[in-house]
Amino acid sequence: EAAGYASISFDVGGLMGTFSSGYASDKLASGRRSFTALPLTVMTSAVFLAYNAMMSALKTNPSLNVAMIVLFGACIAGPDFLLAGPAAQELAKVHGYPHGTGTVAGIIDGLGSMGAVLQGSATTAITEIWGWSSLFISFAVFLTGSCVLLAPAAIAETRRLHKAKSALPDWQTDMNKGDRVAHSTASGEVVERTPRSSLQET
């Protein structure tokens, strides 16, 4: 029974991670995909280190092991979804290549597939020479490198968002009075909309 729960726990975490990361990037981060993926990547690295430190306790506590695998799934699936989907589309658009979103997404997924091909031999080599503990530490190190690569993109998104907000017209500030509102996104777009409350009044 415990093995059954463990086998589906990663996918359950992945379902939670994709939904929550997408919602967070849209509603809380104003469309900043890399900005949202960065802390999730940091969390994934921390979870690998925690899993390694708790190895002995996890062997005698199946429930804790399942909970950790769910956390793995949530932290890994979030950045994977954001970077291979919305971020790829917006990256192409920002750099003046709006019809190249498929190419950008293909490059990202292709690199991911390359990692999947290499991980088999790498996992075997690391575990046979240094053991499973070294494998989890290696994952944490690789994820730290991913954070370093994501940081410039996250900073660039924030700068574009601030630049777009500074270009908003004066009428965008008063939502309560039913004025039109300009909403800026990390890709630099300014979207005009009418608040729901004013639509209901009409």
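The following exercises, each with a worked solution, concern a predicted model of a protein chain.

**Exercise 1. The overall build**

Task: State how many helices and strands the protein chain has, and in what order the elements run from the N terminus.

Solution: Begin with the count, since the secondary structure of the protein chain comes to 8 helices and 2 strands. Next, follow the elements from the N terminus on, where they run α-α-α-α-α-α-α-β-β-α. Finally, add the burial of the chain as a whole, for which 37% of the 202 residues count as buried.

**Exercise 2. The packing of helix H2**

Task: Decide how H2 is oriented relative to H7, and then how H2 is oriented relative to H4.

Solution: Two packed helices are described by the angle between their axes and the distance between the axes. For the pair made of helix H2 (residues 33–53) and helix H7 (residues 132–166), the packing angle is about 165° and the axes lie 8 Å apart. Because angles over 145 degrees count as roughly antiparallel, H2 and H7 are roughly antiparallel to each other. The crossing of H2 and H7 is left-handed.

For the second pair, the axes of H2 and helix H4 (residues 62–84) come within 9 Å and cross at roughly 150°. By the cut-off of 145 degrees, H2 and H4 are therefore also roughly antiparallel to each other, and the crossing of H2 and H4 is left-handed.

**Exercise 3. Pairs of residues that are separated in sequence**

Task: For Cys 147 with Pro 39, Leu 40 with Cys 75, and Thr 18 with Cys 75, set the separation in sequence beside the distance in space, and classify the accessibility of Cys 147, Leu 40 and Thr 18.

Solution: Start with Cys 147, which lies in helix H7 and has its C-alpha 8.3 Å from that of Pro 39, although 108 residues separate the two in sequence. With a relative accessible area of 13%, Cys 147 is buried, because buried means under 20%.

Turn next to Leu 40, a residue of helix H2 whose relative accessible area of 17% makes Leu 40 buried. From Leu 40 to Cys 75 the C-alpha distance is 5.5 Å, while the separation in sequence is 35 residues.

Cys 75 also takes part in the last pair, whose other member, Thr 18, lies in helix H1. Thr 18 and Cys 75 are 57 residues apart in sequence and 8.9 Å apart in space, again from C-alpha to C-alpha. At 27% relative accessibility, Thr 18 counts as partly exposed, because that class lies between 20% and 50%.

**Exercise 4. The loop after H1 and the salt bridge**

Task: Describe the backbone and the burial of Ser 30, then find the salt bridge and the accessibility of its two partners.

Solution: First locate Ser 30, which is placed in the loop between helix H1 (2–28) and H2. Most residues other than glycine have a negative phi, and most peptide bonds are trans. Ser 30, however, has a positive phi of about 55° although it is not a glycine. Its relative accessibility of 14% means that Ser 30 counts as buried.

Then consider charged pairs, for which side chains of opposite charge can pair when their charged atoms come close. The count comes to 1 salt bridge, formed by Arg 33 with Asp 26, where the closest N and O atoms are 2.7 Å apart. Arg 33 counts as buried at 10% relative accessibility, whereas Asp 26, at 41%, counts as partly exposed.

**Exercise 5. A nonpolar surface patch**

Task: Which residues form the nonpolar patch on the surface, and is Leu 118 buried or exposed?

Solution: The nonpolar patch is formed by Ile 107, Leu 111, Met 114, Val 117 and Leu 118, which together have about 530 Å² of accessible area. Among them, Leu 118 lies in helix H6 (residues 101–129). Leu 118 counts as exposed at 52% relative accessibility, because exposed means over 50%.

Terms used
Residues are numbered from 1 along each chain as its sequence is written. This is a predicted model: local features need pLDDT of at least 70, side-chain atom pairs count only at pLDDT 80 or more; totals for chains, interfaces and linings use all residues. Side-chain values use heavy atoms; hydrogens and water are left out. Patches are made of residues with over 30% relative accessible area and no salt bridge: like charges are joined within 9 Å, nonpolar side chains (Val, Leu, Ile, Met, Phe, Trp, Tyr) within 5 Å. Accessible areas come from the Shrake-Rupley method with a 1.4 Å probe; for residues, only the protein chains shown count as cover. A salt bridge is a side-chain nitrogen of Lys or Arg within 4 Å of a carboxyl oxygen of Asp or Glu. Helices (H or I, at least four residues) and strands (E, at least two) are DSSP runs, numbered from the N terminus. Buried means under 20% relative accessible area, exposed over 50%, partly exposed in between (1.4 Å probe, protein chains only). Axes are lines fitted to C-alpha atoms, for helices over the stretch in contact, and angles run from 0 to 180 degrees between N-to-C directions. Angles under 35 degrees count as roughly parallel, over 145 as roughly antiparallel, 65 to 115 as roughly perpendicular and the rest as oblique. A crossing is left-handed if the near helix is turned anticlockwise from the far one by less than a right angle, and right-handed if clockwise.
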